[in-house]
Amino acid sequence: MASDAVTLIKNDHRLMEKLFEQLKSGRGDRRALLEEVAARLTAHSHAEEQKVYPALAKAEPEEAAEVGHSVDEHHEAERLLHRVQRTDPDDASFDQALTELVDAVMHHVEEEENEILPKLQEAVDRQTLEKLGEEFEEVRARELAGAGFDEARQGGAAGGGQDRGGRGTSAGATAPGDMTREQLYAQAKEAEIPGRSSMTKDELARALRERG
Ligand SMILES: [Fe+2]
Ligand SMILES: [Fe+2]
């Protein structure tokens, strides 16, 4: 199944950036957005720590320090996330706490995409990268479900930057053209459509239509 770890991780990073933008803009339900950020960030980090980082450290033992540094950055992001969660979104200190979280996460994302992921791509073959992708996705989905977060039913930023106004639509009751990428992805996963993880929203919709 084509779903390599690097593509999945980068897709998730882009999604996080959109959520951060929405949160910073002050539009929509900030508490709900923050909940989504917390669930996604935690699930993403844990999936990396459990499946992806160890694979790099094993394939390239000299990268162990770099991997350790990345785990430290995850912990720092978690600490900053908890601080934002403890702050009232209506309080003046919320924006400052949020900015510190976003800056720390974006710094980490940049390092990961410029250092960790290219090294992983060099260190393991394509097949391993795809197996890691499946494992990453499995842990991530399990953590999201454990956090009570129903990915398939979330509007969020997953639909390509749509406003939170669309939230609350359920996958089952939505026409294919109105679905978010996450919803389409969930259906594509069920239909076992190959290469789904690297597909755009439109590509997923097309593949599902072709599958009938
Ligand atoms: Fe990441
Ligand atoms: Fe990371």
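Along the sequence, the residues that donate to the iron ion (ligand 2) follow the spacing E-x4-Y-x20-H-x33-H-x3-E. In this predicted model, the corresponding protein donors are Glu48 (OE), Tyr53 (OH), His74 (NE2), His108 (NE2) and Glu112 (OE), at 2.0 to 2.4 Å from the ion. Two of these residues come from separate helices: Tyr53 sits in helix H2 (residues 30-59) and His74 in helix H3 (residues 64-86), so the pair ties together parts 21 residues apart in sequence. Tyr53 is buried, its relative accessible area being 2%, and His74 is likewise buried, at 3%.

Attention now turns to the iron ion (ligand 1). Its protein donors are His13 (NE2), His44 (NE2), Glu48 (OE) and Glu112 (OE), which lie 1.9 to 2.2 Å from the metal. Here the sequence spacing reads H-x30-H-x3-E-x63-E. His13 belongs to helix H1 (residues 5-25) and His44 to helix H2, so this pair ties together parts that are 31 residues apart in sequence. With a relative accessibility of 4%, His13 counts as buried; His44, at 7%, counts as buried too.

What angles do the 4 donor atoms around the iron ion (ligand 1) subtend? They run from 77 to 155 degrees, which makes the arrangement irregular. For a tetrahedral assignment, all angles would have to lie between 85 and 135 degrees. As a reference point, ideal angles for four tetrahedral donors are 109.5 degrees.

The two sites are linked through Glu48, which bridges the iron ion (ligand 1) and the iron ion (ligand 2). The bridged ions lie 3.2 Å apart.

Definitions and conventions. Residues are numbered from 1 along each chain as its sequence is written. Chains are lettered from A and ligands numbered from 1 in the order in which they are written. This is a predicted model: local features need pLDDT of at least 70, side-chain atom pairs count only at pLDDT 80 or more; totals for chains, interfaces and linings use all residues. Side-chain values use heavy atoms; hydrogens and water are left out. Donors are N, O and S atoms within 2.8 Å of the metal (3.2 Å for Na, K and Ca); water is not among the atoms, so sites may look incomplete. Helices (H or I, at least four residues) and strands (E, at least two) are DSSP runs, numbered from the N terminus. Buried means under 20% relative accessible area, exposed over 50%, partly exposed in between (1.4 Å probe, protein chains only). Four donors count as tetrahedral if all angles lie between 85 and 135 degrees; four count as square planar and six as octahedral if opposite donors are over 155 degrees apart and all others between 65 and 115; anything else is irregular.
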